[in-house]
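Trainee: I would like a close look at a single part of this model. Please take me through it step by step.

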Amino acid sequence: MTPIGAGEILNLYDYEIVRDARRRAVIALKAERRVTVGRSLSFVFENRETVWFQIQEMVRAERLVDEAKIAEEIAVYNTLLPRPGELAATMFIEIAEPERVKPVLDALLGIDTRDYVRLHVGPHVVVGVFETGHSDEELGKLSAVHFVRFPLPPAARRAFAESEVALVVEHPNERGRTVLSAAARRRLAEDLA
């Protein structure tokens with residue numbers, strides 16, 4: 001996927017003019033790209049549109065006008081884009097009740113360090129590869145937001161559009177399997193093309 005360039009980022013004034021329409025479009029897009037698994041996990045598969053929106057929102061929230069600072073944001077968020085032959089997702093541990101946050105995060109320690117999160121594409125099993133630095137089992141700390149990549153081998157990529165695709169979590173304290181909807185599979189197949 002082609003990285004987002006500085007010329008694609010709107011200045012604060014121009015972004016405010018189109019923000020509501022772009023926000024609605026990205027919310028609808030993310031709904032198709034969101035997969036909920038188990039009780040507390042959801043995965044939003046990223047692409048250029050979702051990442052562009054995140055950059056614009058950061059520029060807006062931080063009121064960035066300095067080109068160097070904007071370039072830093074672009075560089076950070078471009079790392080979320082899937083590389084050739086892979087899918088990339090932000091995994092959210094979603095806990096609505098404040099008193100449950102720590103117990104749930106404690107129970108999910110290690111979810112990002114082993115083969116607990118997998119993408120099944122027909123007979124192919126692709127283990128999620130998590131970005132490091134979002135947990136520390138020794139200190140008992142786990143972030144509620146993680147970034148995970150699914151590097152699909154060529155056979156899995158060829159089978160993707162025609163096969164059942166499921167996101168599977170098999171952690172000792174969180175188990176679930178969700179078959180991707182036809183719309184989600186179609187969107188992700190576009191990412192792999």
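What is the volume of the largest pocket, and what can be said about the helix that supplies part of its surroundings?Mentor: This is a predicted model. The largest pocket has a volume of about 150 Å³. Its lining counts 13 residues. Glu46, Gln54, Leu80, Thr90 and Val145 are the ones nearest the pocket centre. Two strands each supply at least two lining residues: S3 (86-93) and S9 (145-151). S9 gives the most, with three. Sorted by class, the lining holds five nonpolar, four polar and four charged residues.

Now take Gln54. This residue lies nearest the pocket centre along with the four others named above, and Gln54 is also among the buried residues of helix H2. The helix covers residues 48-62. Check its length. At 1.5 Å a residue, its 15 residues should span 21 Å, and the end C-alpha atoms are 21 Å apart, so the two values agree.

Next, burial. Besides Gln54, the buried residues of H2 are Thr50, Val51, Trp52, Phe53, Ile55, Gln56, Glu57 and Val59. Their packing partners are two helices, H1 (12-33) and H3 (67-78).

Finally, the two ends. At the start of H2, Asn47 brings a side-chain oxygen to within 3.1 Å of the backbone nitrogen of Glu49. After H2 comes Arg63, with a positive phi near 55°.

Key. Residues numbered from 1 in each chain as written. Predicted model: local features only at pLDDT ≥ 70, side-chain atom pairs only at ≥ 80, totals over all residues. Heavy atoms only, no water. Helix = DSSP H or I, 4+ residues; strand = E, 2+ residues; numbered from the N terminus. Expected span 1.5 Å × (residues − 1). Buried < 20%, exposed > 50% of the residue type's maximum accessible area, 1.4 Å probe, protein only. Contact = heavy atoms within 4.5 Å. Polar contact = N/O pair within 3.5 Å; in protein donor to acceptor, adjacent residues only side chain to side chain. 1 Å grid on protein atoms, 1.4 Å probe; cavity = no way out; pocket = protein on both sides within 12 Å on 5 of 7 lines; lining within 4 Å. Points joined across faces, edges and corners; volume = space filled by probe spheres on them. Nonpolar A, V, L, I, M, F, W, Y, C, P; charged D, E, K, R; others polar.
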